[in-house]
Every structure is written in C-alpha cells, then in structure tokens.
Amino acid sequence: MKICTFNVNSIKARKDLVIEWLNHRNNDIDVLCFQEIKVEDKNFPFEDFKKLGYVYQDISGQKGYNGVATLSKLEISHYQKGLNHEYFDVQKRVLIDKITEKEIFVINTYAPHGDLRGGEKYYYKLDWYKHFINFLKENFDFDNQKVILLGDLNIALEDIDVYDPVLLTDSIGTMPEERELLRQLLNLGLIDTFRN
C-alpha cells in the first residue's frame, strides 16, 4: 500500500499539478492525504479524483484556509472529523479515517503554523498540540492498533530539518517548546518514518 501526504496550499491551485504527478507515476498511490485544501467540502473536485480511482473520499474543509482531505482507492470508513473540541474544531485540521480491509487508522493532520513567541497564534499552537496529544492518548492504543499519523505538523524536529539552523534558531517551528511537543507526540508510540 502506498500513501502520499501533500500540503497543497489550495486544491484549486494545485489540482492539475497533483493529477499530472499521479499520471507521471502511473497513478500508483493508494491513499492521498491533502492538507490546506482551502475549500468548503462542497467545492472539492471530487469527480476529478474519482476518475483516477479515488472513489472513497472524506473531506473536512473550510473556505479560504485550512482543511484536510483523504482520498482512497481502498475502502475507507469515516471515523471522525476534528478533535471533539468546540474551540479547536472551528479550524478544520484533523480528519481520521479507517482503511477497512487493513484495519489501519489514517490521521490526516494540518497543525497550526503558530507565530512568534508570546503571540495569540503561538499560544493557540501550543494549546492545540497539547489537546491533540491528549486526544490521541484517549482514543488510540498505539501498541495494539495500526495507526498512521501524517500531514503538515509545522514543526522541524531537529536542526538537520531546516536549511539554515543558525538563521532559524528559535523561530516559528524550531522553538524548543514546539519541538518538545512534537517529541511528546512521537513518544506515544509512533515511528518517525522519515528518520527511520
């Protein structure tokens, strides 16, 4: 099974590029996960992807920003949109589906970008991550369930993950408190496939 994750930064702007890429590789991706789709559910280009075999589609979008979409050639059963939290679910950032025959949960995530230390968006990001980690602890058994968490997490775990560690020291996505939250997330029992 092949799974792809892609922050499209507007599915309208990137749809043709994604389709061209899929055709170039003989359409061999089984599950496509998009972040930052920037469209309401009703405006997602469902038919364009159905033609490529992605007959199972789950969307959690909003107009102009955020939003996630999971498209699959394999049967998926919708599990949940959001984190069961009135405040955090205003922004469409998490979509959880189950690949039925494989019994694999796919958690498609678009974490908040944040802002410079001390700002409202900075605190929102930290609070969102804390809630997200607690939500995962309460709802998944990483030792006994098959779970794939993917998407745009908006944190560079280590200096080797950025092009200029000196320039970007203590900037958005590299602050120690952000990295600590990402480590807590990984420590739930996840394997960092990039590192692996």
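Ala, Val, Leu, Ile, Met, Phe, Trp, Tyr, Cys and Pro are counted here as nonpolar, Asp, Glu, Lys and Arg as charged, and the others, Gly among them, as polar. The model is predicted, so local features need pLDDT of at least 70 and side-chain atom pairs count only at pLDDT 80 or more, while totals for chains, interfaces and linings use all residues. Residue numbers start from 1 along each chain as its sequence is written, and side-chain values use heavy atoms, with hydrogens and water left out.

**Stop 1: the sheet of strands 1 to 4**

Select strand 1 (3-7) and strand 3 (56-60). Strands (E, at least two residues) and helices (H or I, at least four) are DSSP runs, numbered from the N terminus. Both belong to an open sheet of 4 strands with the order 1-2-4-3 and mixed pairing; two strands pair if DSSP finds at least two bridges between them. Strand 1 and strand 3 are at the edges with a single partner strand each, so one side of each has no neighbour in the sheet. From one strand to the next the twist averages 10°, with axes fitted as lines to C-alpha atoms (for helices over the stretch in contact) and angles running from 0 to 180 degrees between N-to-C directions.

Add strand 4 (residues 68-72), which pairs with strand 3 in the antiparallel sense over 5 bridges. A register mark for this pair is Gln57, opposite Leu71 in strand 4.

Next pick Ser60, in strand 3. Ser60 has 6% relative accessibility and counts as buried (buried is under 20% relative accessible area, exposed over 50%, partly exposed in between, with a 1.4 Å probe and protein chains only). Apart from neighbours within four places in sequence, Ser60 is in contact with Ile37, Asp41, Gly67, Val68, Lys81, Lys92 and Leu95; contact means heavy atoms within 4.5 Å.

**Stop 2: the sheet of strands 5 to 8**

Move to the open sheet of 4 strands in the order 5-6-7-8, again a sheet with mixed pairing. Strand 5 and strand 8 are its edge strands, each pairing on one side only. Neighbouring strands in this sheet are turned by 20° against each other on average, direction ignored. Show helix 3 as well: this helix packs on the sheet, touches strand 5, strand 6, strand 7 and strand 8, and its direction makes about 175° with that of strand 7.

Now isolate strand 7 (104-110). How many of its residues are buried? The count for strand 7 is 7 of 7, so the strand is largely enclosed by the rest of the structure. In a regular strand the side chains alternate between the two faces of the sheet. On one side of strand 7 are Ile104, Val106, Asn108 and Tyr110, and on the other Phe105, Ile107 and Thr109.

Strand 6 and strand 7 run antiparallel and are joined by 6 bridges, with Asp97 opposite Val106. Strand 7 and strand 8 instead pair in the parallel sense over 7 bridges. Across that pair, Val106 stands opposite Ile148 and Thr109 opposite Gly151.

**Stop 3: two loop residues**

Select Asn84, in the loop between strand 5 (76-81) and strand 6 (94-99). Asn84 is not a glycine, yet has a positive phi of about 55°. Its relative accessible area is 58%, which makes it exposed.

Then select Glu103, in the hairpin of strand 6 and strand 7, where 4 residues lie between the strands. Glu103 also has a positive phi of about 55° without being a glycine.

**Stop 4: the pockets**

Rolling a probe the size of a water molecule over the atoms shows where empty space is left. A pocket, on a 1 Å grid over the protein atoms alone, is an open set of points where a 1.4 Å probe fits, with protein on both sides within 12 Å along at least five of seven lines; lining residues have an atom within 4 Å of a point.

Select Leu149, Leu153, Ile191, Asp192 and Thr193, which lie nearest the centre of the largest pocket among its 24 lining residues. Its space is about 780 Å³, where a volume is that filled by probe spheres set on the points, and grid points are joined across faces, edges and corners. Strand 8 (146-152) and helix 4 (176-186) each supply at least two lining residues, and strand 8 gives the largest share, 6 residues. The lining divides into 15 nonpolar, 5 polar and 4 charged residues.

Finish at the second largest pocket, of about 230 Å³. Its lining includes Tyr65, Asn66, Tyr87, Arg93, His113 and Lys121. Helix 3 (residues 120-139) contributes the largest share, 3 residues. This lining divides into 5 nonpolar, 4 polar and 3 charged residues.
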